[in-house]
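Here's a quick tour of one model, going from a single side chain out to the packing. Have the viewer open as you read.

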Amino acid sequence: MTDPGLHEAAASFDPLRRKLIRVAYRMLGSVADAEDIVQDAFIRWADVDRDEVRVPEAFLRRMVMRMCLDQLKSARHQRETYIGPWLPDPVVEEEDEQEDVTLPLMLALERLSPLERAAFLLHDVFGLEFDEVAATIGRESAACRQLASRARAHVREARPRFHVEKARGLELAQAFFAASRSGDMSALGAMLADDVSLHADGGGKRPAIGHPVFGLESVMKLHAQLADVFRKNGSTFVRAGFINGLPGFVTREADGELQTTALEIEGGKVTAIYVMRNPEKLRHLH
């Protein structure tokens, strides 16, 4: 027999679930952790006197943000022991979405303290007044202004400076796939900026370069080596899409596992390549 209280809680919670997962994901960079946090929030919501809650969305956002802060502060969440470069879980956006917190910005947020990250997201991304930010993270409004200001200074360079038209971005992503897999180094080189960088996250679960690669010459040399691998073992295009706000594509590699590639583009040139190979961060794409 279904608990009517649980059904009532779900009726008010479920329409907000996706928004809350996006809040948690932007804080944590992990889809699985975000989903776990939001599910825990639902369990707590079921026990709340909901008649006393004037604005459920604000109440639940506050709850989720505080749970994220607790997780970020916990020792078990530290990334010091992560093998190789860390990238956030890839989120391939729906057709009607355009992510405002891009992958480079999420990497910049990683360098902030949990409170700075929370203040920046709540004020600069979600547009909350500082009084509400203060109520959410348990600090004075003036302190929240300082937190957001410090965060803004640190992430300024990571904010998109050039808007890539969606169709053009996807066209470039498909051209990048074709050139990189076929070994057409001339076409590939024409797409890359002189200061291009490549970042790959294997998490110790699959082979991946252990450190970022910088500069056109080094990135081209690596892709020349990879082209031989692709020719021998294959790489199947699954779909193009915007991954964490950047144009990119999903592939199935020779080992049967999925992989995502996201491209940061400025002035029509690829300035950064982000490759996710860690199967634990790709499960939600299956």
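## Arginine 252

Arginine 252 counts as partly exposed, because its relative accessibility is 34%, between the 20% and 50% cut-offs. Keep in mind that this is a predicted model. Arginine 252 sits in strand β4, which covers residues 246–253.

What does the side chain of arginine 252 reach at 2.7 Å? It's the backbone oxygen of glycine 256. If you skip residues up to four places away in sequence, arginine 252 touches Ser235, Thr236, Val238, Glu257, Leu258 and His286. Threonine 236, one of those, is worth a closer look: its C-alpha lies 5.1 Å from that of arginine 252, with the two residues 16 apart in sequence.

## Threonine 136

Is threonine 136 buried or exposed? Its relative accessibility is just 1%, so threonine 136 counts as buried. You'll find threonine 136 in helix α6, residues 130–137.

Setting aside neighbours within four places in sequence, the contacts of threonine 136 are Arg62, Met65, Arg66 and Leu122. Two of the helices listed further down hold these partners: α3 spans 56–73 and α5 spans 114–125.

## Cysteines

How many disulfides does the structure hold? The count is 0. Take cysteine 68: the closest cysteine sulfur belongs to cysteine 144 and is 16 Å away, so a bond is out of reach, given that a disulfide needs the sulfurs within 2.5 Å. Seen from the other end, cysteine 144 is in no disulfide either, with the sulfur of cysteine 68 as its nearest at 16 Å.

As for accessibility, cysteine 68 comes out at 0% and therefore counts as buried. Cysteine 144 also has 0% relative accessibility, so cysteine 144 counts as buried too.

## Nonpolar cores

The largest nonpolar core is made of 49 residues. Which of its residues have the most contacts inside it? They are Phe13, Met27, Val64, Leu109, Phe120, Val133 and Ile137. The elements giving two or more residues to this core are α1 (4–28), α2 (31–46), α3 (56–73), α4 (103–110), α5 (114–125), α6 and α7 (141–155). Of these, α1 provides the largest share, at 10 residues. Helix α6, where threonine 136 sits, is on that list of contributors too.

Another core lies apart from this one. It has 22 residues, including Leu172, Phe177, Leu188 and Met220.

How values were computed. Residues are numbered from 1 along each chain as its sequence is written. This is a predicted model: local features need pLDDT of at least 70, side-chain atom pairs count only at pLDDT 80 or more; totals for chains, interfaces and linings use all residues. Side-chain values use heavy atoms; hydrogens and water are left out. Helices (H or I, at least four residues) and strands (E, at least two) are DSSP runs, numbered from the N terminus. Buried means under 20% relative accessible area, exposed over 50%, partly exposed in between (1.4 Å probe, protein chains only). Contact means heavy atoms within 4.5 Å. A polar contact is a pair of N or O atoms within 3.5 Å; within protein, one must be able to donate a hydrogen and the other to accept it, and residues adjacent in sequence count only if both atoms are side-chain atoms. A nonpolar core is a set of buried Ala, Val, Leu, Ile, Met, Phe, Trp, Tyr and Cys residues joined through side-chain atoms within 4.5 Å.
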